[in-house]
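Student: Could you walk me through a protein model, one small piece at a time? I would like to learn how to read it.

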Amino acid sequence: MTLNREKGAAPLYSQIVEIIRSQIENGDFVKGEMFLTEKRLQEIYQVSRITVRQAINELENEGYLQCARGIGTTVVYGKKIDENLKNLVSFTDEMKLHGKVMNTSYCDMALIRAGKSVAVQLEIEPEDECYQLTRVRSVGKEAIVYSVTWLKKIREYPLDTKYYMESLYQFLQTDCNIKVVKGRDTLEAVAATAEISRYLAIPEGVPVFKRVRKAYGENGEIVEYTICYYPGDRYKYSVEL
């Protein structure tokens, strides 16, 4: 493959990164398989070993490759699930749209005191009670989202986790006669804390998507306040304008 070696062109290692990144995202290299050796990359691109190592290090930092001494370089990037931010849907429905089989690998439901920060979001007093639902939703064995949802106590909700293993919105509508009709999402990129790392089984400090949602019922009253964390290498968002 030909690299641009003219004066003013991007560094050679950067060009290699762009080419390989595109190849991996297009499926030319599959997650879990061994990647090309440094020697082979030198032959393909006609560059030095240092240049190849720079490119490999960059791709490893971006989450596309993983290097292990004595083993070699492995492709670790998998095709990301792309959520189109157009309609308010549950995680279960998101996965169905992509043909993914979803499961809940961790679930906890508790009745707690709201505290100052949650009370502000749920528009209640800090000493008021609310429900806190903590879940990890997965596709296969890979955790896709770690979420903490606070539900306003507009009625009594069961504490038995069996009610929350599938779609929360479906449960609210079918069992509680509460239909979520609108909401607002706020997105930002953050580094995984020790807590996030533990639930998503990812290294501490790696980039994750943080999505904060406030959702409302048909009467305009707030129903939920949720914070979700998605691994940056398994999820992406697109917005239809």
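Tutor: Here are some questions and answers about helices, a hairpin and a few single residues. This is a predicted model, in which local features need pLDDT of at least 70 and side-chain atom pairs count only at pLDDT 80 or more, while totals for chains, interfaces and linings use all residues. Residues are numbered from 1 along each chain as its sequence is written, and side-chain values use heavy atoms, with hydrogens and water left out.

Student: Are helices H2 and H3 roughly parallel or roughly perpendicular to each other?

Tutor: Helices (H or I, at least four residues) and strands (E, at least two) are DSSP runs, numbered from the N terminus. Axes are lines fitted to C-alpha atoms, for helices over the stretch in contact, and angles run from 0 to 180 degrees between N-to-C directions. The axes of H2 (residues 38–45) and H3 (residues 49–61) come within 9 Å and cross at roughly 110°. Angles of 65 to 115 degrees count as roughly perpendicular, under 35 as roughly parallel, over 145 as roughly antiparallel and the rest as oblique, so H2 and H3 are roughly perpendicular.

Student: Which residues of H3 make the contact with H2?

Tutor: Contact means heavy atoms within 4.5 Å. On the H2 side, Glu38, Leu41 and Gln42 take part. Their partners in H3 are Arg49, Val52, Arg53 and Ile56.

Student: Is Thr51 buried or exposed?

Tutor: Thr51 is found in helix H3, and its side chain makes a polar contact (N or O atoms within 3.5 Å; within protein, one able to donate a hydrogen and the other to accept it, and residues adjacent in sequence counting only if both atoms are side-chain atoms) with the side chain of Ser48, at 3.1 Å. Not counting residues up to four places away in sequence, Thr51 touches Leu12, Tyr13 and Ile16. Buried means under 20% relative accessible area, exposed over 50%, and partly exposed in between (1.4 Å probe, protein chains only). Thr51 has 13%, so Thr51 is buried.

Student: Which residue in the turn of the E1 and E2 hairpin has a positive phi?

Tutor: Four bridges join the antiparallel strands E1 (residues 65–68) and E2 (residues 72–75), and two strands pair if DSSP finds at least two bridges between them. Three residues lie between E1 and E2 in this hairpin. The turn residue with a phi of about 85° is Gly70.

Student: What is the relative accessibility of Asn177?

Tutor: Asn177 lies in the loop between helix H6 (168–176) and strand E7 (180–191). Its phi is near 55°, a positive value in a residue other than glycine. Asn177 counts as exposed, and its relative accessibility is 71%.
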